[in-house]
Amino acid sequence: MLKLRLPRRQAKRLPVLAWLTLVLASGAVGVYWWRVDVFYQQLEREMLAQINLRATELAAAVAAHTETTIRSVDLALRHLRDEYAAGRDIDATVRTIRESFPPDAIVQVAVIAPDGYLRKTSIGRFERTYLGDREHFRAHLDSPDDNLFISRPVLGRASGLWSIQFTRPIRHNGEFAGVMVLSIAPQYFADSHQQIEQGGRNVVSLFRSDGSYLVRTPRLLEAMGKRLPADRPFLRADAPLQGGFRAHAAFDTIARTYAWHRLANYPVVVNVGLDEDVQLGRLRADIERSHLRTAIGGAIVLLLAGVVSQLLRRAARQQEALVASEQRHRSFFEKNVSVKLVIDPESSRIVDANPAALRYYGYPRETLLGLRMNDLNGLSPEQDRLEMHKALHEERMFFTFRHRLANGSERDVEVYSGPVEVAGRPMLYSIVHDVTTRRELELRLAESEELHRNLFMTVADGITVMSRDGVVAAWNEAALSILGVDADGMRARGYLMYDANGTQLALSDYPSSLAVRGEFVDHQLYSVQHLDGRHVWITVSSRPLRVGGTSEGTAAVLSFSDITQLVEAEESLRVAESVFEVASEGIIVTDAKNRIIAVNPAFSVLTGYPAGEVLGKRPSVLASGIHDGTFYSSMWQRLEHDGRWEGEISNRRKDGRLYISWLRINVVPERLGHGKRYVGLFSDITDRKREADAVWRQANFDALTGLANRKLLEDRLQQAIARAHRSQTAVAVLFIDLDRFKPINDTYGHAAGDELLRQVARRLENSLRDEDTVARLGGDEFVAVLPDLRIEDFPSRVAEKIVSVLNEPHRLGADIVDVSCSVGVSLFPKDGDSPGKLIAAADAAMYGAKQAGRGTWQRV
């Protein structure tokens, strides 16, 4: 009955197993879907961080350029105001300033009288226009300060154009005498933002502190006269100088990442917005494709799980049917009903059969009694007669055959047959015992014994059997191989074992010793040290083993598997997950000895080196030769101290080209059995550096002549003054103005005038030392700075040289023109202690030289 109950239990468990298969498959699909979502969400957050960094860098660059531009506008405005306040005609100055700005940059130059009416404008004739209600007039009306005011874009009543009003107050003898207005077209600022715009997807805006638009690129005109929503973070009173946020633009509802930068010296905020869809479009497309693949894969998994579940349920039904069939046959045996036949030996026909035989062979009585024995045993007629002859003459009483039943199946039977007389005729009686099941069990038992013997000896897992007294009673070959011992070493348990943390175990703590004491383990992790010093990771399970069904022979069986490769694979997977999280950057992984053990495809794209060419080598294969040993020593010190390093580094591609990259290195700490790793992530910032250099040059050099502009001049002059303070030397400032330049412009045209200015710039550069600086202030005005002077008359000699060099004829195409110059010289510390004072003093001396007849120089 035990054997019968066992299949019943199995039959009941199969439906549960079928449902469990579906549940586990569904859970696996759900977990995989969740992991895919988590991965892409992390990737999207990292990409948004990159967009924010890019926006911040662009905002800083645009802010620097904008501050320089406003400073140049303010310088022109102050120059106009000072000229006008001095009572001089400013028309020529207006033309000079217009020429120094791009065409259409200056909408107009205007003067508003103290009563608020327009007094003067550069656009020609004008009607009497009242501007006293304009904010750029009212800002100066009651204020004693001389501050630059920047207005909201206004539609000029006189010019009819949109413009931003840059204004300063005019004062006469300390009294308010009006306002000087320099109207700049917003397009002047917007033109420098075109390269960032990218077809309207990105946006660059300039705002006043109250949120009013000054400039917006693109859709400039739509922004004129409008304000930002008050919830923008940089409009708050406590907003920092720079920051970022994400929002949908009110103009086009495009989702962007914004970064703002508040100018240090002017009430202007620069805001750069980068379209997230441009950057994230490919990622989101990948997410959609991944979801589609996951859905298809999940559907396939669930379909397969459904098929397996259906097969399990069908097997359950078949198992139940088999149990019922076995129950019926067992009932026959339990009633001790044997199959009995009576056979006519002459004809081999069955003449009688008991009910058991009818049931056994499955024939109706009439059919069974019409059969011959060879219809059942399958022998030929000759063989059948020979076997009957032996039974009839009692030469043999016991036979084994295979009998064919009515359903076509064949059964193994043992037949006990002997002679009997029926109605005066010799007959054979036969008792048939079905031994099919016994034969099958015997065969299965023999096969099972052979199978278990072979399994025990050939299974890949190590197996040992422990007796109650702690002796290793049996083991297989795999156990010897995994533990690295021979038979004697196994008996003595002469191997070293360590727990999962690497602590060596005492023999009493070996899992085999624990099992002998009745303390069993389940998939416990250990390591075994072989004689050659190699460590093998194993997982051990132990179970009690009862011999003979009693506790007298209680023993334990231990099974263990070599999982060294799995542990190493887990380590590789952990490193791979850390290294390849950000696939858009180049990734390089080195071991504790700084040998390259992995690179990603982006590394090969950025450096030109296939992975096979750099694996096993040191990262110095990329070295450019630009950085010295101090640079790398500092890098390693930071890595060892902080566990990370980040900075700019120049490397060389495989084709020899240099590139600049931003490199981040993180140290992956040591793990059990593995040394630490170094993971480097880098991106090529060569183009970004080139753009920043271009912006810096545009902000610090004159576009026409290539000379330094006023900003760079003042910076270098300030540095020269600081050095002179420390070294007790002098600094000379030479203010150079061309004589009769305007007639040349008028006669030969502006192109010829520009060429003359470039020739003058080259002659001035060739007349000075390498440490000297020459700059163009605008128009035909130049300034030279001579630092670190120790010879008193050196500036005089330089001034004479410049006058002489510039007096020489200049060739402009086919024409030769003569032009001279007037030079004013000032000295630090005698004539001033600041750049502004020294330049103003030299300017005054230059005007003295002009009054003295031009073509000469004069000291202050």
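This is a guided tour of the structure above, moving from the whole chain to single residues that can be selected in turn.

The model is a predicted one, in which local features need pLDDT of at least 70 and side-chain atom pairs count only at pLDDT 80 or more, while totals for chains, interfaces and linings use all residues. Residues are numbered from 1 along each chain as its sequence is written, and side-chain values use heavy atoms, with hydrogens and water left out.

**The whole chain**

Begin with the full protein chain in a cartoon view, where there are 25 helices and 34 strands; helices (H or I, at least four residues) and strands (E, at least two) are DSSP runs, numbered from the N terminus. The radius of gyration is 51 Å, well over the 29 Å that the globule rule gives for 860 residues, so the chain is more spread out than a compact globule. That radius is taken over C-alpha atoms, and the globule rule is 2.2 Å times the number of residues to the power 0.38. If you turn the model along its principal axes, the C-alpha trace spans about 170 × 65 × 55 Å.

Switch next to a surface view, in which the protein chain exposes about 45700 Å², with carbon and sulfur atoms supplying 53% of it; accessible areas come from the Shrake-Rupley method with a 1.4 Å probe, and for residues only the protein chains shown count as cover. Of the 860 residues, 43% count as buried, where buried means under 20% relative accessible area, exposed means over 50%, and partly exposed lies in between (1.4 Å probe, protein chains only). Among the contacts with a separation of 6 or more, 52% are between residues 24 or more positions apart, a contact being heavy atoms within 4.5 Å.

**Ala55 and Thr257**

Select Ala55, which lies in helix α1 (residues 2-85) and is buried, with a relative accessible area of 0%. Leaving aside neighbours within four places in sequence, Ala55 is in contact with Thr257, Ala259, Val272 and Leu274. The C-alpha atoms of Ala55 and Leu274 are 6.4 Å apart in space, although 219 residues separate the two in sequence.

From there, move to Thr257 in strand β10 (residues 255-262), a residue that is also buried, at a relative accessible area of 2%. With neighbours within four places in sequence again set aside, the contacts of Thr257 include Leu48, Ile51, Asn52 and Ala55, and also Val272, Gly273 and Leu274.

**His403**

Now select His403, whose place is in strand β14 (residues 398-404), and which counts as buried at 1% relative accessibility. The side chain of His403 makes a polar contact with the side chain of Tyr361 at 2.6 Å; a polar contact is a pair of N or O atoms within 3.5 Å, and within protein one must be able to donate a hydrogen and the other to accept it, while residues adjacent in sequence count only if both atoms are side-chain atoms. Not counting residues up to four places away in sequence, His403 touches Tyr361 and several others, among them Met373, Leu376, Asn377, Glu410, Arg411 and Val432.

**Leu663**

Further along the chain, select Leu663 in strand β26 (residues 658-668), which is buried with a relative accessible area of 11%. Residues up to four places away in sequence aside, Leu663 touches Trp645, Glu646, Gly647, Ile649, Gly680, Leu681 and Phe682. The C-alpha atoms of Leu663 and Asp684 are separated by 9.1 Å, with the two residues 21 apart along the chain.

**Backbone details in loops**

Most residues other than glycine have a negative phi, and most peptide bonds are trans. The last stops depart from that pattern.

Select Thr217 and Pro218, which are joined by a cis peptide bond with omega about 5°; Pro218 is found in the loop between β8 (213-217) and α6 (220-223). A cis peptide bond also joins Phe828 and Pro829, with omega about 10°, and the place of Pro829 is in the loop between β33 (820-828) and α25 (835-851).

Then select Asp104, in the loop between α2 (91-100) and β1 (106-112), where phi has a positive value near 65°; at 71% relative accessibility, Asp104 counts as exposed. Finish at Asn594, in the loop between β23 (586-590) and β24 (596-599), where phi is positive and near 65°, and where the residue counts as buried at 18% relative accessibility.
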